[in-house]
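Please open the model in your viewer and keep the selection tool at hand. We will go from stop to stop, with something to select at each.

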2 protein chains.
Amino acid sequence: MTDPDPAAAASERSRSPTTNSLPRTLEWIGGSDGCLRLLDQTLLPDRVEMRDCSTAEDVWEAIRVLCVRGAPAIGVAAAYGLCLGTRPFRGKPTDAFSAKVAEVGEYLCSSRPTAVNLSWAVRRISRLTLAENAGDSGAVWEAMLSESHAIAREDAETCRRIGEHGARLIPEGGGVLTHCNAGALAAVAHGTALSLMYAAHAQLRRFRVFANETRPLLQGARLTAFELAAAGIDVTVLCEGAAASLMRSGAIQLVVVGADRIAANGDVANKVGTYPLALAAQAHEIPFYVAAPRSTFDLSLPTGDQIPIEERADDEVSTIGGKRFVAAGARCYNPAFDVTPARLVTGIVTESGILEPVTPEKIADIFAARG
Amino acid sequence: MTDPDPAAAASERSRSPTTNSLPRTLEWIGGSDGCLRLLDQTLLPDRVEMRDCSTAEDVWEAIRVLCVRGAPAIGVAAAYGLCLGTRPFRGKPTDAFSAKVAEVGEYLCSSRPTAVNLSWAVRRISRLTLAENAGDSGAVWEAMLSESHAIAREDAETCRRIGEHGARLIPEGGGVLTHCNAGALAAVAHGTALSLMYAAHAQLRRFRVFANETRPLLQGARLTAFELAAAGIDVTVLCEGAAASLMRSGAIQLVVVGADRIAANGDVANKVGTYPLALAAQAHEIPFYVAAPRSTFDLSLPTGDQIPIEERADDEVSTIGGKRFVAAGARCYNPAFDVTPARLVTGIVTESGILEPVTPEKIADIFAARG
């Protein structure tokens, strides 16, 4: 479980021919006394600036303000955040240390409620306090850091395999529509939905990508366009309202998006605006795929109705680039996610393959098979 | 046909208890040597500034940059623009004058291609060159100005009647969703879709309005929120992507939008983003109404497929408030309108009543009945 090379996770990206010109989404810098270095995504595409986090509070804040975002990436960030938040307690009695792990874990989970990868990573790291060597909190902490590196490494590999499985869905000479950013910037490398595009691009396939700008925070315009253009993939940005008529024009043969949480029945929580996209895809008989690692499934929730949907501040809608556009006297409604019913999802691309059709039985199967 | 009081049209608004705190969308100032005064809607809600147009070029530019916008308002503006553009030719031989009317009319119609009210108004004014008094171009011009005043007056009255007919659709204690701005700012007064809300509000009915912000130019956030809040109507702004999940939550009982052109079969061109809204309304069994004057129908087009859809500049999508958000290397797709098939439209509220269901026969009937 120990990891001799903390930089191994980050180096994953350099193996990808299509994303190696990008700054790294996140990486651990240094050894046990190191820090988590994040690419500040709130500043993209204008400025490429890194932000170093040395405490759990730094990581909480970075997740909260979307300096780091994307379900896989915030899972990895939270794992490292748990290490940072408990580092001062290395060497304390194990009871006190374990209590601290639980406390910091709960705190980190409060940063954003919808993406389940966050609590999944916190749970996976926290479990180490129950391990055989739990008598020595210093050793437990080192194991926690190693496990965080492992999560990061696995995330890159998982995303790479998602792309490999899904690349065949990319229509040769056709158009692919995506929403928000489910790319290398949303993960350690490759991304989820965009991983399909990177894999197809590496196979020298030709296609066009249409990226919904994704209001309110414009992750499509700022991030998806940024990373696809950097990889040399043809990308066109549109406002959400134009997606349905674009589909009607015949320009789109595939819709593929990421996910923040998938319920046991296959209902998918993803960035707000995903659900109307799925409705429009259905109306135009265009396949609608979700790409997500297995860690995005939450089998404890029977349906999407139980997924908590984060509501964010009014000013994300009312104010753009420091300028307020909404008239005084009006309120704003700003849910960060919506839920797409499983019946609208053609298939889900995971690291284990493509799950299609999306049924509770098929979902249960992929977890039963792997334990 | 002459109009002794050029300010009559503008005074219509002051009779409305709900919109009289608003600046006037457009009004003719002075007599025959006057000018067209427009509220510059590109500056709202920050600044209330008027823009005076003295030439056809001024009006063309004002329509082009959306200083004045909304199908009914640009019809009225074009009528006055035609007067302004031909004013220097008063007293010329009638052949030369008529040729100038045709030339300026064609020029004004080139400002924006989708809203049919523009060419409708230009045709109505141009027809006067064929009238009995056409031997005197000075008299024809005076008749053109009077007819423009008449169009403005009628527009206010037409919109008032749309509101009167449609007010009963507003759900008591419920939620109404609208897109873009089809309000007093899109017409001489009252508006089309929002006229229903003003009429219901005047009847002391209680309801909430949800306004799609309407990217790229944010007419919902800037204009609809502005005029509804000014009228004391409860209004909440949301991003387009959140509309479908808002419907799913049960908060919306009615969707009502305006229109820029309606084909003979009832297909509706309106601001881009209307079509996905209609798809979402259908999925949630929420009535979807269009409110538009009869001048918005274009019976020369059998279906919406023949409606020309304006594509506007990339920078409307890429740049907000002077700041570019789209990454370098990415293009933008920016159609200004989309077409909603008649089968998704529950009914069309016109000044003649509510046309429901929307069939080519019913549409032909309302025109046959009126000539």
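The tour below starts at the contact between the chains, moves to strands, and ends at some backbone details. Keep in mind throughout that this is a predicted model.

**Stop 1: the interface**

Colour chain A and chain B separately and look at where they touch. How many residues of chain B are in contact with chain A? There are 52, and they meet 52 residues of chain A. Together the two chains bury about 4,100 Å², with 64% of that area on carbon and sulfur atoms. Now select B:F325, B:R331 and B:Y333: this trio supplies 16% of the area that chain B buries against chain A, more than any other three residues.

Stay with B:R331 and add A:D234 to the selection. These two residues form a salt bridge, and their closest N and O atoms are 2.7 Å apart. The total between chain B and chain A is eight salt bridges. Polar contacts across this interface link 20 residue pairs, counting those with both residues at pLDDT 80 or more.

Which parts of chain B make up this side? Show the helices α8, α9 (243-248) and α10 (274-283), then the strands β6 (235-238), β13 (323-324), β14 (331-333) and β15 (337-340); each of these elements supplies at least two residues to the side of chain B that touches chain A. If you colour that side by class, you will find 32 nonpolar, seven polar and 13 charged residues.

**Stop 2: strands that pair between chains**

Next, select β14 of chain A, residues 331-333, along with β6 of chain B. Three bridges join these strands, which run parallel. For one pair to zoom in on, take A:C332, whose bridge partner in β6 of chain B is B:V237.

**Stop 3: a strand covered on both faces**

Move into chain A and select strand β10, residues 288-291. In a regular strand, side chains alternate between the two faces of the sheet. Here A:F288 and A:V290 lie on one side, A:Y289 and A:A291 lie on the other, and all four are buried.

Now bring in the strands that pair with β10 of chain A. Strand β7 of chain A (residues 254-257) runs parallel to β10 and is joined to β10 by three bridges; in that pairing, A:V257 has A:V290 as its bridge partner. Strand β16 of chain A (residues 347-350) is also parallel to β10, again with three bridges. Look there for A:Y289, which stands opposite A:G347.

**Stop 4: backbone details in the loops**

Most residues other than glycine have a negative phi, and most peptide bonds are trans. With that in mind, select A:T214, in the loop between β5 (208-212) and α8 (219-230) of chain A. Its phi is positive, about 70°, although A:T214 is not a glycine. Is A:T214 buried or exposed? A:T214 is buried, because its relative accessible area is 0%.

Jump to chain B and select B:T214, which sits in the loop between β5 and α8 of chain B. B:T214 also has a positive phi of about 70° without being a glycine, and B:T214 counts as buried at 0% relative accessibility.

In the loop between β5 and α8 of chain B you will also find B:P216. The peptide bond from B:R215 to B:P216 is cis, with omega near 10°.

For the last selection, go to the loop between β2 (35-39) and β3 (50-53) of chain B, where B:P45 lies. A cis peptide bond joins B:L44 to B:P45, with an omega of about 0°.

Conventions
Residues are numbered from 1 along each chain as its sequence is written. Chains are lettered from A and ligands numbered from 1 in the order in which they are written. Side-chain values use heavy atoms; hydrogens and water are left out. Buried means under 20% relative accessible area, exposed over 50%, partly exposed in between (1.4 Å probe, protein chains only). Contact means heavy atoms within 4.5 Å. Buried area is the accessible area (1.4 Å probe) that two parts lose on being put together, summed over both. A salt bridge is a side-chain nitrogen of Lys or Arg within 4 Å of a carboxyl oxygen of Asp or Glu. A polar contact is a pair of N or O atoms within 3.5 Å; within protein, one must be able to donate a hydrogen and the other to accept it, and residues adjacent in sequence count only if both atoms are side-chain atoms. Ala, Val, Leu, Ile, Met, Phe, Trp, Tyr, Cys and Pro count as nonpolar, Asp, Glu, Lys and Arg as charged, and the others, Gly among them, as polar. Two strands pair if DSSP finds at least two bridges between them.
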